[in-house]
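Thanks for making room for me this morning. I would like to walk you through one structure, slowly, for those who have not seen it before.

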2 protein chains.
Amino acid sequence: MTLDEAKQHLIQAWGTLGSSWGVSRTMAQVHALLLVSPVPMTTEDIMEALQISRGNVNMNVRDLMDWGIVRKVLKPGERKEFFEAEKDVWKIGMQIAKERKKRELEPIIRALDQVSTIEADITDPDVKQFAETVENLKKFANNTNNTLETIIKAEESMFWGSFFKLFK
Amino acid sequence: MTLDEAKQHLIQAWGTLGSSWGVSRTMAQVHALLLVSPVPMTTEDIMEALQISRGNVNMNVRDLMDWGIVRKVLKPGERKEFFEAEKDVWKIGMQIAKERKKRELEPIIRALDQVSTIEADITDPDVKQFAETVENLKKFANNTNNTLETIIKAEESMFWGSFFKLFK
DNA sequence: AAATACTTTCAAAATATTTTGAAAGTTCAA
DNA sequence: TTGAACTTTCAAAATATTTTGAAAGTATTT
């Protein structure tokens, strides 16, 4: 398998993985492409490599930056913008966990809290089952939230730990 | 908020959550509906509650059964099939983790292994970056896989633990 | 101030996914 | 064996999502 074949394989697989986790196929592919590139790429490089339009690249790169896993790089003397992906796989995982927690876990916790304000007769089996299920979902969601919080905090303090070591 | 309003809210929120995690909105809604129902429901009950077609209900219920979080219930003397959701939230979580591991994590690990068979000059920086990134992705994916495996196994042995206690 | 070199936006087009419903299939009782 | 009661399938229709590309916007140089 040549490098280009291998890259194509990986980009395809990453796109498929993305789309089964609710991330658009193309966004995942752009991410994979930047991930395996040894140097930052321009919009045109990406258009060329994935055969997609300028607008599409622009949009997906912006989303990846919103996720905090791709950065804009400006080269002195160049007008064009370059993009590079975070290469530390653990950091990528943490960043995605952090964002999904904020974007998807916290909203569902708020929705569950809302829905708990139901005022009704607890002797009605329908009401009872509902209240109980919601209560259990809340517990589970809060647990997940706290666990992630702990891991993310640990990760960040480890980062600052190594950061400060540089100055010892 | 009345029970019906609360149910509607929850079903909506669950649908939204599902679709941001790559599960079809309707499948998540059917799941939520069964989750808060105190009794098993028929295809027609579900059609009525969510205002969707028979074929749609049939398909989504089948998928939920494939995920192992909804069961078919046959009532003696009734021709119709009833469906009920697993109510134990922790079990639901474990079951989903188990399935996604099988359906999405393991395939990507295989893809990464495939892509590592690239035979090329390691002094080429392009090849080097690629090999390194793939290596790191593999480590991360295998780690995740093993962690899940451990949790699932622990969960299952706990289940068998409590199961056998019944016979003491 | 105008020209150049880019980036961003967004309505329309293309594509992908989901939904429908009627026909085919199945099961069971008479 | 037939027919009634149900479930499943799947091609076509509806809907949702993604993609395009050209126009508008922005920043920099001359």
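Before I point at anything, one term: when I speak of a polar contact, I mean a pair of N or O atoms within 3.5 Å. Please also keep in mind that what you see is a predicted model.

With that term in hand, let us begin at DNA strand D, where a base nitrogen is 3.3 Å from an N or O atom in the side chain of B:Arg79. The backbone takes part as well, since a backbone N or O atom of B:Glu81 lies 3.1 Å from a phosphate oxygen of DNA strand D. Another phosphate oxygen contact on DNA strand D involves B:Asn58, which has a polar side-chain atom at 2.3 Å. In total, 16 residues surround DNA strand D, and among the closest are A:Thr26, A:Ser53 and B:Arg62. Of the atoms of this strand that come within 4 Å of the protein, 65% belong to sugar and phosphate.

Which element gives the largest share of the surface near DNA strand D? That is α4(B), with four residues. By class, this surface has one nonpolar residue, eight polar ones and seven charged ones.

Now let us turn to DNA strand C, which has 16 residues around it, with A:Asn58, A:Arg62, B:Thr26, B:Ser53 and B:Arg79 coming nearest. Here sugar and phosphate make up 67% of the strand's atoms that come within 4 Å of the protein. A polar side-chain atom of A:Asn58 lies 2.3 Å from a phosphate oxygen of DNA strand C, and for A:Arg62 a side-chain N or O atom is 2.9 Å from a phosphate oxygen of that strand. From chain B, a polar side-chain atom of B:Thr26 lies 2.4 Å from a phosphate oxygen of DNA strand C. On this side α4(A) gives the most to the surface, with four residues, while α4 of chain A and α4 of chain B each supply at least two.

Finally, a few words on chain A as a whole, which has six helices and three strands, arranged along the sequence as α-α-β-α-α-β-β-α-α. Its radius of gyration is 21 Å, whereas a compact globule of 168 residues would have one near 15 Å, and its C-alpha atoms fill a box of roughly 70 × 50 × 35 Å along the principal axes. Of the 168 residues of chain A, 40% count as buried.

Terms used. Residues are numbered from 1 along each chain as its sequence is written. Chains are lettered from A and ligands numbered from 1 in the order in which they are written. This is a predicted model: local features need pLDDT of at least 70, side-chain atom pairs count only at pLDDT 80 or more; totals for chains, interfaces and linings use all residues. Side-chain values use heavy atoms; hydrogens and water are left out. A residue is near a molecule or strand if one of its heavy atoms lies within 4 Å of it. A polar contact is a pair of N or O atoms within 3.5 Å; within protein, one must be able to donate a hydrogen and the other to accept it, and residues adjacent in sequence count only if both atoms are side-chain atoms. Ala, Val, Leu, Ile, Met, Phe, Trp, Tyr, Cys and Pro count as nonpolar, Asp, Glu, Lys and Arg as charged, and the others, Gly among them, as polar. The radius of gyration is taken over C-alpha atoms; the globule rule is 2.2 Å times the number of residues to the power 0.38. Buried means under 20% relative accessible area, exposed over 50%, partly exposed in between (1.4 Å probe, protein chains only).
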